[in-house]
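Biologist: I am new to this structure and would like a close look at a single part of it, with enough of the surroundings to place that part in the whole. Could you walk me through it slowly?

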Amino acid sequence: MRKCQLFAYVLLALISQSYTLSHFAIGGGQTVKGTCPDNEYWNNKGFCCNKCHIGFKLKEKCPEPNKRSVCVKCENGTYLDNANHNENCFSCRKCTKAHSIEKSPCTIKTNRVCGCETGYYYKKLGDLGWECSPCKTCGPGQMITGECTEDQNTKCQCKENHYAESKSLCKLCVQCQDGCPHLCKSSTPPIPVKTFFPTTPPGSAPQILVPVCACITVLALGLFMSYEGIRLWKKKRHALSSQKSFPASDDQTLIITVAPDTEHNESVPLTNQPCETEQNGKLPDCVPREIKIHEFFYFVLDEVPIGRFKELVRHLGVSEQNIDRAEQDHRNSKDAHYQMLKVWSDSGSGGGNNVLPCHRIQMLVDTLKDMYLVNCADNIWSRFLSQDTSTSH
């Protein structure tokens with residue numbers, strides 16, 4: 001009867017785990033049926049139960065939602081080193097191998113740590129096996145380059161002017177051979193080179209290659225400098241063209257306003273007409289460029305590669321604490337990255353709530369260029385900072 005009950009429990013656990021994994025895969029990492037927070041697990045009855053603390057194992061699952069599981073402490077000689085819902089604890093390692101010692105004892109929260117006596121080092125044998133091997137002693141003609149440590153053997157090498165006869169023996173060099181290059185000096189004077197024509201002796205071929213390599217190097221350098229000069233000229237011409245077509249001041253701001261009704265995702269019309277600065281106390285003769293703030297953020301999220309997004313916000317001044325907090329508050333990476341951008345925009349000045357200054361967007365574009373994400377920077381600049389030259393003022 002007990003065997004049947006045990007088989008039923010194991011079968012139910014496997015069904016519950018497969019159900020949890022399938023729902024998690026369908027949800028794409030979002031909270032759906034069959035998933036629970038990190039400190040809980042999915043009960044096969046259809047709700048989440050709390051996990052047992054480190055050092056405790058599960059005795060009884062929670063009977064219903066908002067009820068706690070029954071957990072008991074691991075027995076002596078066993079441990080569990082993380083939050084769990086295991087019905088059994090792990091057995092602690094035993095330090096019974098030759099020349100082994102106990103470095104830290106077994107507790108209900110940690111496994112026993114084994115080490116080796118003085119004169120021996122911990123040597124791994126495959127994935128799980130290990131032994132205490134004796135530390136090597138350097139042989140004749142050798143010197144120590146690395147002392148024997150807890151997990152590393154002694155390192156030896158031949159002394160100066162010695163060559164390796166075997167792994168544990170080095171002998172003094174007495175003639176030209178491998179390991180004794182200082183005794184291999186040629187006494188034959190070099191053949192003088194008189195010309196670079198085919199009549200030159202074969203031994204002078206490397207001397208012919210020197211001027212050839214120098215010419216190739218100079219040519220490559222000239223081509224590179226020409227390419228850089230053309231690239232910088234085009235960049236300068238583009239900058240001058242931008243200044244002529246967009247004569248706004250450096251401190252001009254791009255107004256990004258959130259509509260009062262944020263529940264609907266209706267797009268606000270985008271105008272490419274830049275605002276002229278106030279002159280003689282008069283209001284600017286233009287229509288402000290208004291965009292929902294989330295439209296700008298989501299455009300950036302789609303442009304910047306996910307793997308380099310945290311690098312971007314670090315360059316923008318977002319602290320590691322705010323980055324970690326955003327990742328903890330949002331399981332979805334896109335939501336977390338959105339929160340990081342919000343922290344950056346709120347830390348700036350010159351716009352107030354829901355208003356992002358133009359120079360802040362330019363800062364983001366320049367940062368992307370410094371990260372060699374030029375295409376991303378150009379797309380964001382074209383979308384939010386460039387003007388439509390066909391628009392009349």
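Modeller: What follows takes the hairpin of strands S9 and S10 as its centre and then moves outward to other parts of the chain. Please keep in mind throughout that this is a predicted model.

As a setting, the chain has eight helices and 14 strands, and of its 393 residues 24% are buried. Its accessible surface comes to about 27400 Å², with 55% of that belonging to carbon and sulfur atoms. Among the contacts in the chain with a separation of 6 or more, 40% are between residues 24 or more positions apart.

Strand S9 covers residues 120–125 and strand S10 covers residues 129–134, and the two pair in the antiparallel sense over six bridges. Three residues lie between these strands, which form a hairpin, and in the turn glycine 126 has a positive phi of about 80°. One of the bridges can be followed residue by residue, for lysine 123 has glutamate 131 in S10 as its bridge partner.

The hairpin also brings together two aromatic side chains, tyrosine 122 and tryptophan 130, whose ring centres are 4.8 Å apart; their planes meet at 15°, which is under 30 degrees, so the pair counts as stacked. Tryptophan 130 is buried, at a relative accessible area of 7%, whereas tyrosine 122 is partly exposed, at 23%. The ring of tryptophan 130 has a charged residue over its face as well, since lysine 97 lies there at 5.4 Å from the ring centre.

Seven aromatic pairs are counted in this model. Another of them joins tyrosine 79 and phenylalanine 90, with centres 6.0 Å apart and planes at 55°, so this pair is tilted. Tyrosine 79 belongs to strand S5 (residues 78–79) and phenylalanine 90 to strand S6 (residues 90–91), eleven residues apart, and the pair thus links distant parts of the chain. Tyrosine 79 has 12% relative accessibility and counts as buried, while phenylalanine 90, with a relative accessible area of 43%, is partly exposed. Elsewhere, ring pairs link Phe296, Phe297, Tyr298, Phe299, Tyr338 and Phe384 into a cluster.

For a helical counterpart to the hairpin, consider helix H7, which spans residues 358–370; its 13 residues should span 18 Å at 1.5 Å a residue, and the end C-alpha atoms are 19 Å apart, which agrees. Its buried residues are Cys358, Arg360, Ile361, Leu364, Val365, Thr367 and Leu368. An α-helix has 3.6 residues a turn, so residues three or four places apart point the same way. The cover over the buried residues of H7 includes helix H3 (293–303), helix H4 (309–315), helix H6 (333–347) and helix H8 (374–384).

Beyond H7, in the loop between H7 and H8, lies tyrosine 372, whose phi is near 65°, a positive value in a residue other than glycine. Tyrosine 372 is exposed, with a relative accessible area of 74%. Asparagine 161 likewise has a positive phi, near 65°, and it lies in the loop between strand S12 (155–158) and strand S13 (162–166). Asparagine 161 is partly exposed, at a relative accessible area of 37%. As background to these two residues, most residues other than glycine have a negative phi.

Terms used: Residues are numbered from 1 along each chain as its sequence is written. This is a predicted model: local features need pLDDT of at least 70, side-chain atom pairs count only at pLDDT 80 or more; totals for chains, interfaces and linings use all residues. Side-chain values use heavy atoms; hydrogens and water are left out. Two strands pair if DSSP finds at least two bridges between them. Helices (H or I, at least four residues) and strands (E, at least two) are DSSP runs, numbered from the N terminus. Rings of Phe, Tyr and Trp (its six-membered ring) pair if their centres lie within 6.5 Å; planes under 30 degrees apart count as stacked, over 60 as edge-to-face and the rest as tilted. Buried means under 20% relative accessible area, exposed over 50%, partly exposed in between (1.4 Å probe, protein chains only). A charge sits over a ring if NZ of Lys or CZ of Arg is within 6 Å of the ring centre and within 35 degrees of the ring normal. The expected span of a helix is 1.5 Å times one less than its number of residues. Contact means heavy atoms within 4.5 Å. Accessible areas come from the Shrake-Rupley method with a 1.4 Å probe; for residues, only the protein chains shown count as cover.
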